[in-house]
Amino acid sequence: MIKFFQIKLFVLSAVLTLLASLFDIFYPTISLIIAFFIYCFFVSTDGFKFFCVLISGFLFDGFFNFNFGTCNLIFLSLVFFDLILKKLISIKKKQSNYYFILLIVLAQLIFLLLHPLSQNFIPYFIINSSLSIIYLILLIRYAE
Amino acid sequence: MFLSSKKSKNKTLFSKNEINLNLLIILLIINFSIFSTNQDNRYLNQIKKSLQFGPQSISLIFEFGANLLNDVSSYFIFKQNLLSENEKLQKENAELKAHVMQMADIESENRELNNKLNIQKKYFKDSLITQILNLNYQGQNHHFLVDKGEEDGVYIGQIVVDKSGIVGQVIAVNNNSSVIRTILSNQLYLTGYIKSGKNIYQSLIQGDGKNLTVNYFNKTNKINLGDEIFTTGDNLNIPKGLRIGKVKKFLNTELNDFYKLIIEPSSNPYKERFLVIVK
């Protein structure tokens with residue numbers, strides 16, 4: 001059964017992205033959906049629906065005119081990265097902020113790999129990563 | 001820490017969600033192949049278009065709001081600009097009006113000066129053009145202050161004329177100014193002759209404030225209304241033949257044999273700014 005909570009969060013992220021995209025500042029379109037993915041998969045694990053997130057990615061790609069598969073590739077890469085780390089390394093450490101930041105940075109890098117920029121690479125990377133981190137903080141604090 | 005909620009204190013570093021690795025790899029491969037394929041085909045474009053309809057309508061609403069705000073603000077800015085421009089133009093207009101008035105004043109002054117120069121050139125070669133500085137000088141009626149004085153060679157007794165005839169006489173001289181008493185003053189006497197056809201009748205003329213008068217004029221002398229009066233030029237300062245005025249009215253006097261003549265002066269110094277002092 002689809003959790004409405006996840007849909008609401010997706011709609012919120014999409015609308016905020018839409019608002020942000022009205023201002024042409026470094027195209028912050030992917031930042032919020034990355035935070036949404038991380039929140040859904042890594043933070044809020046209660047009632048998590050994997051395919052629901054995949055559909056969200058598909059819809060997001062359609063909404064913002066990305067190639068179909070862009071968002072889901074990022075999301076699946078993050079999940080794959082997490083799974084591989086889990087299999088290879090056995091750390092009993094508890095959930096850490098740095099891990100989320102690492103995931104955000106990785107997601108931004110994957111996005112840049114899929115959509116290489118010819119200029120403003122560093123500002124784009126810094127601003128979008130910051131936006132993702134801020135949005136993730138807000139989600140963790142207030143989403144539930 | 002800032003990214004962790006209170007609940008997350010007990011969570012492990014990695015995600016607890018159990019995902020089948022094979023499924024994940026398959027999904028990754030499928031996604032990658034979807035991503036890599038040429039997406040410019042009709043079906044995918046149709047899906048994209050229908051998906052973009054939602055955000056587009058939302059963004060249209062936002063853009064409409066933004067445009068509305070923009071229009072309202074630009075209306076107020078435009079109005080403000082118009083008002084300030086209007087104010088500026090009004091100021092400029094007032095300045096230009098003042099300038100035009102000044103120019104008109106200069107033009108009339110120039111015309112008057114030309115007129116006086118013509119009089120000077122035509123009739124009185126040794127004369128001075130002077131400007132009236134002050135009417136009713138020192139509170140005296142029919143007394144002017146003019147801007148030429150002793151340094152310009154003006155002396156007491158000189159006659160002052162305008163284009164129509166005699167205006168008055170210099171009665172006081174300062175270094176750079178002189179006082180002129182006009183012919184309308186009752187303190188100024190002139191000897192003149194009334195020319196009526198071929199007849200000429202001499203008489204003493206005096207001002208009465210408004211007009212000139214000949215107090216006693218013999219009724220046996222045949223004159224008509226409108227006959228002109230000229231100076232006799234019987235002393236050094238007053239040249240002969242200057243027009244004084246013309247007969248306006250006959251009045252009876254206490255003496256049956258005499259009229260009192262009211263003479264309308266030819267000149268009107270109150271309409272002039274420049275006069276000619278005759279040497």
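A residue counts as buried here when its relative accessible area is under 20%. Keep that cut-off handy for this tour of a predicted model.

**Stop 1: chain A as a whole**

Select chain A and show it as a cartoon. You'll find six helices and zero strands, so reading along the sequence gives α-α-α-α-α-α. Of the 144 residues in chain A, 52% are buried.

**Stop 2: the cysteines**

Stay in chain A and pick A:C40. Is A:C40 buried or exposed? With a relative accessible area of 4%, A:C40 falls under the 20% cut-off, so it is buried. Now click on A:C71: this cysteine is buried as well, at 0% relative accessible area.

Next, draw a distance from the sulfur of A:C40 to the sulfur of A:C52. Why is there no bond between them? A:C52 holds the closest cysteine sulfur to that of A:C40, yet the gap is 8.1 Å, which is too far for a bond. A disulfide needs the two sulfur atoms within 2.5 Å. Don't go hunting for disulfides elsewhere, either: a search of the whole structure, over all chains, finds zero.

**Stop 3: a patch shared by two chains**

Switch on the surface and select A:L12, A:L16, A:L19, B:I58 and B:F62. Together these residues make a nonpolar surface patch of about 350 Å². Which elements supply at least two residues each? They are α1 of chain A (4-22) and α2 of chain B (42-122). The biggest giver is α1(A), with three residues.

Zoom in on B:F62, which sits in helix α2 of chain B. Its relative accessibility is 31%, so B:F62 counts as partly exposed.

**Stop 4: the barrel in chain B**

Hide the surface and go back to the cartoon, this time for chain B. Look for six strands that close into a barrel. Trace them in the order β1-β2-β5-β4-β3-β12, and you'll see that the pairing is antiparallel. On average, neighbouring strands of this sheet are turned by 45 degrees against each other, ignoring direction.

For a look at one pairing, select residues 143-146 (β2) and 178-182 (β5) of chain B. How many bridges join these two strands? There are four, in the antiparallel sense. To see one of the partnerships, show B:H143 as sticks, then find its bridge partner, B:R181, in β5(B). If you turn on hydrogen bonds, look at the backbone, because that is where the strands of a sheet pair.

Definitions and conventions: Residues numbered from 1 in each chain as written. Chains lettered and ligands numbered in written order. Predicted model: local features only at pLDDT ≥ 70, side-chain atom pairs only at ≥ 80, totals over all residues. Heavy atoms only, no water. Buried < 20%, exposed > 50% of the residue type's maximum accessible area, 1.4 Å probe, protein only. Patch = residues over 30% accessible without salt bridge, like charges linked within 9 Å, V, L, I, M, F, W, Y side chains within 5 Å. Areas by Shrake-Rupley, 256 points an atom, 1.4 Å probe, with all protein chains shown as cover. Salt bridge = Lys/Arg side-chain N within 4 Å of Asp/Glu carboxyl O. Pairing = 2+ DSSP bridges. Axes fitted to C-alpha atoms, helices over the stretch in contact; angles between N-to-C directions.
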